[in-house]
Amino acid sequence: SDIPKVLHKLSGETLLNHVIKTAKKLSPNKIVVIIGYQLELVKKSVSSNDILYSIQKNQYGTGHAVMQAKNHLENFKGNTLILSGDVPLIKASTLSSLINKHESGGFDASMLTADMQNPDGYGRVVRDIDGNLKKVQEHKDCNSKELEINEINSGIYIFNNQKLFELLPKLDNNNQQAEYYLPDVLSMIVLDNGKIGLEKIKKNDEIQGINTLK
């Protein structure tokens with residue numbers, strides 16, 4: 001399709017507007033949408049008029065995408081929740097639970113995870129012997145033992161914003177896809193003895209991404 005993925009409709013509403021409407025239920029300080037492909041079309045499709053935009057001209061991965069929001073977020077003191085425009089079924093109640101865990105635990109970052117019977121294609125959540133996050137390993141970079149892990153990264157995170165923008169410039173793209181992965185920021189926090197919260201989702205349908213018209 002020539003239409004950007006996030007502009008396809010589900011129950012009469014674009015995928016992106018589903019995510020924005022859910023985000024609004026959390027009463028955020030601001031919402032930033034990172035756009036690139038057919039950006040004017042994407043902007044025009046957004047039903048809210050109080051949305052901020054950042055442009056990602058080239059797609060160099062999730063970490064690179066968030067870096068583009070620096071102009072809107074760099075000096076923000078608070079927490080930044082990161083959502084995907086093609087994951088429209090996530091519920092505000094699930095996100096509230098993640099935010100509450102993050103804030104009450106005083107974490108530097110928190111991540112939504114899920115147990116999947118078939119985790120093919122997903123980044124794996126690698127825990128240490130105490131059950132704390134060791135790292136998130138992208139599927140293509142997993143060794144045979146890591147591929148056996150069923151707990152996956154949902155792609156939904158909340159970060160202490162200042163910690164996030166302190167670490168984003170330190171990302172490298174030394175991996176199979178030569179991309180700047182946002183989960184690598186979590187690994188940096190772990191190496192720096194920071195605290196990361198893990199919240200396992202109960203209904204995996206909520207984090208289902210959309211990859212085909214079917």
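This is the transcript of a short talk on how selected strands, helices and loops are arranged in one protein model.

Good morning. Please keep in mind throughout that the model I am presenting is predicted. I shall begin with a pair of strands, continue with two helices, and then turn to a further strand and two loops.

Let us start with strand β3, which spans residues 32-35. Which of its side chains are buried? V33 and I35 are buried and point to one face of the strand. V32 and I34 point to the other face and are not buried. The side chains of β3 therefore alternate along the strand.

Strand β3 has a partner in β4, residues 52-55; the two run parallel and are joined by 4 bridges. One of these pairings links V32 to L52 in β4. Between the strands comes helix α2, residues 39-45, and β3, α2 and β4 together make a right-handed β-α-β unit.

One residue of β4 deserves attention, namely S54. Is S54 buried or exposed? S54 has a relative accessibility of 2%, and because buried means under 20%, it counts as buried. Its side chain makes a polar contact with the side chain of N71, at 3.3 Å. Leaving out residues up to four places away in sequence, S54 touches V32, V33, I34 and I35, and also Q68, A69, N71 and H72.

I now turn to the helices, beginning with α1. Of its 10 residues, 7 are buried, so α1 is largely enclosed by the rest of the structure. The buried residues are L15, L16, N17, V19, I20, T22 and A23. Which elements cover them? The covering includes β1, β2, β3, α2 and α5.

That list brings us to helix α5 itself, which covers residues 92-105. This helix has 14 residues, and the distance from its first C-alpha to its last is 20 Å, close to the 20 Å expected at 1.5 Å a residue. The buried residues of α5 are A92, T94, L95, L98, I99 and H102. Why do they lie on the same side of α5? They cover an arc of only 160° around the axis, and this places them on the same side. The general background is that an α-helix has 3.6 residues a turn, so residues three or four places apart point the same way.

What does the buried side of α5 pack against? Its buried residues pack against α1, β5, β6, β9 and β10. The face turned away from that side carries the exposed residues S93 and S104. After the helix comes G106, with a positive phi near 60°.

Let us follow one of those packing partners, strand β9. In β9, 9 of the 10 residues are buried, so this strand is largely enclosed by the rest of the structure. β9 pairs with β5 in the antiparallel sense over 4 bridges, and T80 has F159 of β9 as its bridge partner. β9 also pairs with β6, again in the antiparallel sense, over 6 bridges. Here A114 has I152 of β9 as its bridge partner.

I152 counts as buried, at 0% relative accessibility. Leaving out residues up to four places away in sequence, I152 touches ten residues that I shall not list in full; among them are L112, T113, A114, Y122 and V125. The C-alpha atoms of I152 and D120 are separated by 9.5 Å, and these residues are 32 residues apart along the chain.

T113, which I152 touches, lies in strand β6. T113 is buried too, with a relative accessible area of 0%. The side chain of T113 makes a polar contact with the side chain of E151, at 2.7 Å. Apart from neighbours within four places in sequence, the contacts of T113 include V125, I152, L198 and K200.

Finally, I come to two serines in loops. S11 is found in the loop between β1 and β2, and S27 in the loop between α1 and β3. Are these serines buried or exposed? S11 counts as exposed at 75% relative accessibility, and S27 counts as exposed at 63%. Their backbone angles also merit a remark. Most residues other than glycine have a negative phi. The phi of S11, however, is positive, near 50°, and S27 has a positive phi of about 50°.

Thank you for your attention.

How values were computed:
Residues numbered from 1 in each chain as written. Predicted model: local features only at pLDDT ≥ 70, side-chain atom pairs only at ≥ 80, totals over all residues. Heavy atoms only, no water. Buried < 20%, exposed > 50% of the residue type's maximum accessible area, 1.4 Å probe, protein only. Pairing = 2+ DSSP bridges. Right-handed = clockwise from strand over helix to strand, strands pointing away. Expected span 1.5 Å × (residues − 1). Arc of directions from axis to C-beta. Contact = heavy atoms within 4.5 Å. Polar contact = N/O pair within 3.5 Å; in protein donor to acceptor, adjacent residues only side chain to side chain.
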